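I opened this notebook to keep a record of what I looked up in the structure, one topic to an entry. The entries follow the order in which I went through the chains.

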Amino acid sequence: MKNLMKKFLSLAIVALMCFSAINSNAQVDRSKKPEPGPLPKSAVPPFQEITLKNGLRIVIVEDHTQPLVYFRTLVLSGNAQDAGSIGAAEAVTDLLEKGTTTMNADDIAKKLDFFGASLGASSTVDDINVSIGCLKRDMDKVLPIYADVIKNPIFPATELEKYKSEQISALQAARQRPGELGRKMGRKMTYDVHPYGNIATDSTVKALTVEVLKTWHGQHFCAKNSIIAVVGDITESEIKPVLEKQFGSWKSGMLYQPMYPVVEPKQGLTISLVDRPGSKQSTVRLQHLGVAVTSPDFDRASLVMSIFAGNGVIGFANRLFQNIREKHGYTYTPGGSLTKSVDRGVMVAVAEVRNSVTDSALDQMLLEYRRLSTEAISDNELNFAKGLIAGKFMMDLADRQNTAGLVLSTLEYGLPKDYYSTYPERVSKFTSAELQDVAKRVFPPNDISVIVVGDASQILPMLQKFGKVNVYDLDLKPKKDVAVHISPTTSVVADVINKMYAGLNRSEYEKVKNRKVEGTVTLELGGGPQTLPFEEITAAPNKKYQKLDLGAPMIIEMRIDGTNVYEYQGMRGGPADPTTAHHELGQSAFDEELHVTDQGYNVTLEGVTLVPAGAAYILDVMKPGGYHEKWYVDTTSGYITRKDLIEKEGTETQDYSDFRVVDGTPYPFKVEIHGAGDQTVEIKSIKNNTSIDDTLFMKKPDSKN
Amino acid sequence: MKKVLLSILLISAVAPQIFAQKGAKPALTPAITSQVFHPVKFEEYDMPNGLHVILYEDHSAPRVAVRVFYHVGSRNERSDRTGFAHFFEHLMFESTDHIKRGDYAKDIEAIGGELNAHTSLDHTFYQEDVPSNYMRQALWQESERMHWLHVDSAGVETQRQVVKEERRNRYENQPYGSFFLKLMSAVFHTSQYSWTPIGDAQYIDQATIKEFQDFYHENYVPNNAVLVIAGDFKQAEAKAAAQDYFADIPRGAEIDRSYTPEPPQTSERTVEVNEKITPLPAVAYGWRTVPEGDKDQYALDMLANVLMQGNSSRLVKRLKDEDQLVASVQPIALTLEKDGAFGLLAVASKGKELSKVRAELDEEIKKLQSSGISDEEFQKVRNQMTKDLVTQAAEMGSVAFALSEEYALFHDAKRYNSEIDRYMAVTKQDIQRVAKKYLTNSARSVITYTVPTNQ
């Protein structure tokens with residue numbers, strides 16, 4: 001129950017207002033907002049706190065509206081205490097009512113249903129809540145069952161097996177829920193080994209055993225590690241003996257003290273896209289590591305969050321709502337929160353937007369996020385937020401279960417006793433400078449994880465404008481090379497070729513007549529990958545020299561003079577075999593990309609797909625000489641990011657990346673080749689238009705076959 | 001993980017509100033049940049312009065809830081202009097003669113108040129909760145939008161986009177999100193209940209500003225509204241404030257409440273839904289039933305409990321617990337002003353065939369029709385109803401809604417305090433009888449969700 005809003009404990013005494021003077025026939029001035037009456041005085045609603053001999057703490061809040069009673073047990077251990085068995089705390093929670101030492105699951109269901117009393121049980125990273133409500137007249141029958149499921153569950157094997165298959169169905173369903181996908185991806189991004197990042201999977205579910213659950217329950221469900229709140233139509237003297245009877249003999253145990261690894265905020269901007277084909281909206285999520293509830297920054301950061309995105313309540317006035325809903329109409333329910341937990345929680349802002357505005361919405365969300373630390377909050381806005389918090393606090397007094405929740409929360413986090421009663425007063429003193437100072441730490445402008453759940457085929461190119469995008473599948477595993485079909489912005493091949501020419505900066509490129517490239521090739525030579533020095537000299541129109549240095553005398557060379565291909569190992573070698581020669585000649589035309597429109601290339605546009613570098617148009621290229629290739633032209637940059645060479649023996653794929661500008665023209669400094677064998681070429685230097693020795697392209701005069 | 005399963009069941013944000021509304025109508029007869037239930041005490045009166053005012057005091061905390069129930073919902077729309085009532089739910093937060101655009105919500109939030117609204121097939125409901133010293137401000141704001149709302153292009157354009165996002169968000173992008181829309185259009189073919197409040201996106205786009213203005217002037221008038229003031233106030237002050245801000249709003253023309261009744265259904269209807277985002281196959285059944293207030297409504301609500309309320313209920317116990325065929329099974333018991341619907345949505349477990357799910361559903365329904373329910377089950381559903389009704393009566397917001405709805409539909413808010421009698425009057429035989437009478441195969445609509453092969 002970490003996300004319970006802070007509540008102010010008070011009792012209302014409305015000061016007398018004299019309205020008798022108002023003549024009901026008099027016209028009010030409706031052009032003016034009515035003035036408020038005198039501020040209601042607040043006091044803490046009565047509650048009692050008692051501790052049983054075994055160490056169990058009990059909080060009692062009376063509420064006589066209707067003859068009802070609610071019990072809520074808070075166990076101070078949660079999902080983060082799963083240790084090696086992810087999902088154990090949750091399974092314990094869900095299976096409490098599936099059998100005890102004296103009743104089986106059917107008995108329990110029958111008895112509780114009979115009184116209309118359903119057990120609520122849920123776990124968070126920090127704790128477990130088990131609650132029940134019933135008519136007061138049924139309390140003496142319902143409470144013993146409630147106490148029994150908390151104290152004496154046995155987790156029968158048959159029930160655990162059913163639970164596992166239910167969980168597997170639930171995980172399957174969760175794979176299609178955009179909010180759930182975003183939350184899980186966010187947890188992966190924010191927490192590394194910290195248990196707040198644990199995510200249940202089919203295999204963690206299958207690994208659970210009765211023994212694990214019994215051990216978990218035995219360690220954490222005990223009097224000293226629990227607090228019970230009772231709210232309803234009862235008094236302390238009435239309820240104390242009843243609780244003593246049911247819980248007085250519960251074993252004392254120990255208060256659990258978690259020890260967590262230190263987690264640091266992620267640096268820089270990262271973009272993760274969970275591909276959900278068919279998605280009608282993109283769920284855009286900004287996430288950053290938050291602060292622990294006991295941190296001195298927490299209250300100020302919460303106020304900043306409420307100005308930014310409402311902090312847990314749907315607000316109309318927060319910046320995100322005003323911007324992306326009211327001003328732009330991108331979304332229906334934007335929102336955000338700074339979670340409240342024992343260790344550092346998360347800052348999350350999220351909006352579900354239609355696919356076509358994914359980039360615009362992200363742009364505005366980042367803008368609003370960055371403003372928090374780069375601009376001071378105006379006095380108007382600050383006073384507004386303070387008024388909101390103070391008023392809301394007072395309003396929340398209405399619900400006595402909230403009162404109990406606040407008392408529990410104070411005890412759980414070890415907050416000062418007057419933490420909530422002094423909350424509005426403390427908030428009223430926060431200054432704009434303090435808030436900006438906190439925002440710099442908690443909302444650093446350049447460190448933010450962007451997580452988008454949506455249809456990659458439609459939104460990937462939009463996200464690439466913001467930086468490198470890592471694409472994941474519905475199981476949150478990295479997704480590469482998956483063909484995703486994108487409706488292209490043009491169906492005209494000439495548009496794509498022109499885009500490519502523009503991307504290459506064709507007029508500059510044409511000034512290059514020869515090129516000398518040095519770098520390394522990493523390839524598999526038996527006994528693991530080796531990285532070897534590599535040199536390539538090429539010249540217009542179709543000359544090429546390549547050298548791979550395996551250490552003298554093992555120097556491997558290839559020479560192309562325009563019509564012939566020669567291969568050498570040291571001094572041995574000569575003309576290449578016809579298959580190799582044909583292949584290499586197809587690759588020898590100097591900067592052929594500049595000449596597809598004037599060298600008789602037959603090019604058709606096949607559509608758009610996803611390659612590792614991002615969305616790309618697919619050009620089907622038939623070259624003179626019978627060469628068939630596919631070129632992938634990046635939809636944003638116009639660079640060629642991949643080529644497929646389609647040959648009888650199979651297809652060789654070349655992925656180009658690490659583009660750098662040399663003499664005004666972009667050149668890929670990394671090429672990954674997948675074909676008969678895998679090779680990676682990494683370039684160290686490029687020199688254009690140097691004087692080169694033409695004999696390097698010729699047959700070696702003194703070679704031996 | 002319970003939360004995950006539950007959210008599968010959260011069909012649409014409109015539907016749960018309607019479900020909630022059905023339940024939010026509790027009461028017990030003081031004479032029988034004074035130990036179980038404290039009857040709700042309230043004042044009510046009419047203003048000369050036809051506005052009905054209900055004052056419900058609750059001094060447990062310094063806050064006031066102001067509610068306006070407009071007796072206009074999606075069924076008051078033209079079939080080629082659906083979505084209007086819900087669209088107004090959005091427009092009502094725009095500007096008025098005396099409140100600038102953007103200030104409506106801001107002025108409430110600035111004082112820590114909360115505002116919200118919902119739209120059903122029969123009504124729209126506006127809610128403001130404020131610290132008690134701001135009661136007059138909340139009343140002023142509600143009165144402003146009752147008569148001085150600006151229905152102009154600035155507001156309309158923005159809300160057109162927002163409403164379209166809402167549609168995508170709730171109905172198109174969530175697994176089974178389309179369920180409520182599909183169900184209503186299958187169960188109702190000719191009546192105004194065949195569409196739902198979200199409406200068709202195209203009509204909101206096609207409508208002119210003049211059409212929106214006409215809809216406003218026809219429906220948002222004091223004689224078509226109930227004002228509830230609940231919470232921590234003094235009666236004289238509340239009455240004076242209501243007088244100050246609402247008395248000068250003129251009465252509107254009589255509302256056209258014509259309704260095209262749905263003819264009886266003679267053969268089963270089937271709808272197959274293929275959506276890429278469906279994770280597990282699902283089946284829904286739906287039947288037409290009876291309008292709000294009909295005595296069979298109470299038996300049908302109890303029948304829903306026998307079948308699907310709690311782990312010991314028949315369908316949950318057999319299909320979910322024993323045979324592990326479904327991930328969830330959820331009731332639909334929708335009582336409307338002029339008609340009603342009853343049904344269920346069952347989502348299959350991973351790897352389970354929908355045909356098996358359907359076979360067991362059918363078998364259980366048949367069993368209930370032929371053999372009825374046990375004494376123990378009967379007592380159980382009576383207890384469940386009582387507990388749920390009392391629980392809702394403890395919640396000021398639920399009470400405020402129920403009182404206004406009772407008044408709007410039956411001109412009798414006090415009916416709230418005797419609602420429990422109508423549930424307690426249902427017999428074991430009634431529950432079996434309504435199962436036989438309404439849950440027939442020929443009057444059934446079946447909606448199936450299939451899973452795309454690439455999952």
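**Strand 13 of chain A.** I began with strand 13 (residues 514-524) of chain A, which is joined to strand 14 (residues 529-539) of chain A by 11 bridges, the two running antiparallel. Looking for a residue pair to mark this pairing, I noted that A:Val517 has A:Glu536 in strand 14 of chain A as its bridge partner. Strand 13 of chain A is also joined to strand 25 (residues 678-688) of chain A, here through 9 bridges and again in the antiparallel sense. In that second pairing I found A:Val521 standing opposite A:Val681 of strand 25 of chain A. I should record at this point that the model is a predicted one.

**An open sheet in chain A.** I then traced an open sheet of 6 strands in chain A, with the order 9-10-8-11-7-12 and mixed pairing. Its edges are strand 9 (335-338) and strand 12 (469-472) of chain A, each of which pairs on one side only. The twist from one strand to the next averages 20°. For the edge at strand 12 of chain A, I looked up the pairing with strand 7 of chain A, which is parallel and runs over 4 bridges; within it, A:Ser272 has A:Asn470 in strand 12 of chain A as bridge partner.

**A:Tyr256.** Where does A:Tyr256 lie? I placed A:Tyr256 in the loop between helix 8 (236-247) and strand 7 (269-275) of chain A. I next asked why A:Tyr256 counts as partly exposed. A:Tyr256 has 16 C-beta neighbours inside 10 Å, and therefore counts as partly exposed, since a residue is buried only with 20 or more such neighbours and exposed with 12 or fewer. Leaving aside residues up to four places away in sequence, A:Tyr256 touches A:Leu76, A:Ser77, A:Gln81, A:His220 and A:Asn225. I also checked A:Val210, which is 46 residues from A:Tyr256 in sequence and 22 Å from it in space, C-alpha to C-alpha.

**Nonpolar cores.** The largest nonpolar core has 297 residues, and those with the most contacts inside it are A:Val304 and B:Leu403. Its largest share, 9 residues, comes from helix 12 (residues 295-308) of chain B. A second, separate core has 7 residues, including A:Tyr545, A:Ile560, A:Val565 and A:Phe697. Returning to A:Val304, I listed what it touches beyond residues up to four places away in sequence, namely A:Leu372, A:Leu435, A:Val438, A:Ala439 and A:Phe443.

**Chain B as a whole.** I counted 18 helices and 11 strands in chain B. The C-alpha atoms of chain B fill a box of roughly 60 × 55 × 45 Å along the principal axes. A compact globule of 455 residues would have a radius of gyration near 23 Å, so the 22 Å of chain B agrees with that expectation. Of the 455 residues of chain B, 58% count as buried. Among contacts in chain B with a separation of 6 or more, 80% are between residues 24 or more positions apart.

**The sheet and two helices of chain B.** Chain B has an open sheet of 6 strands in the order 1-2-6-3-5-4, also with mixed pairing. Strand 1 (43-46) and strand 4 (114-119) of chain B are its edge strands, each pairing on one side only, and the twist averages 15° from one strand to the next. Inside this order, strand 3 (residues 63-70) and strand 5 of chain B run antiparallel and are joined by 8 bridges, with B:Tyr70 opposite B:Thr124 of strand 5 of chain B. Helix 4 (residues 84-91) of chain B lies across strand 4 and strand 5 of chain B, at about 170° to strand 4 of chain B. I looked separately at helix 8 (residues 179-187) of chain B, which is mostly covered, with 8 of its 9 residues buried; among them are B:Phe179, B:Phe180 and B:Lys182.

**Where the chains meet.** How many residues does each chain bring to the contact? Chain B brings 73 residues and chain A brings 78 residues. On the side of chain B that touches chain A, helix 15 of chain B gives the most, with 9 residues. By class, I noted 27 nonpolar, 25 polar and 21 charged residues on that side of chain B.

Definitions and conventions
Residues numbered from 1 in each chain as written. Chains lettered and ligands numbered in written order. Predicted model: local features only at pLDDT ≥ 70, side-chain atom pairs only at ≥ 80, totals over all residues. Contact = placed C-beta atoms within 7 Å. Nonpolar A, V, L, I, M, F, W, Y, C, P; charged D, E, K, R; others polar. Core = buried A, V, L, I, M, F, W, Y, C linked by C-beta atoms within 7 Å. Pairing = 2+ DSSP bridges. Axes fitted to C-alpha atoms, helices over the stretch in contact; angles between N-to-C directions. Rg over C-alpha atoms; globule rule 2.2 N^0.38 Å.
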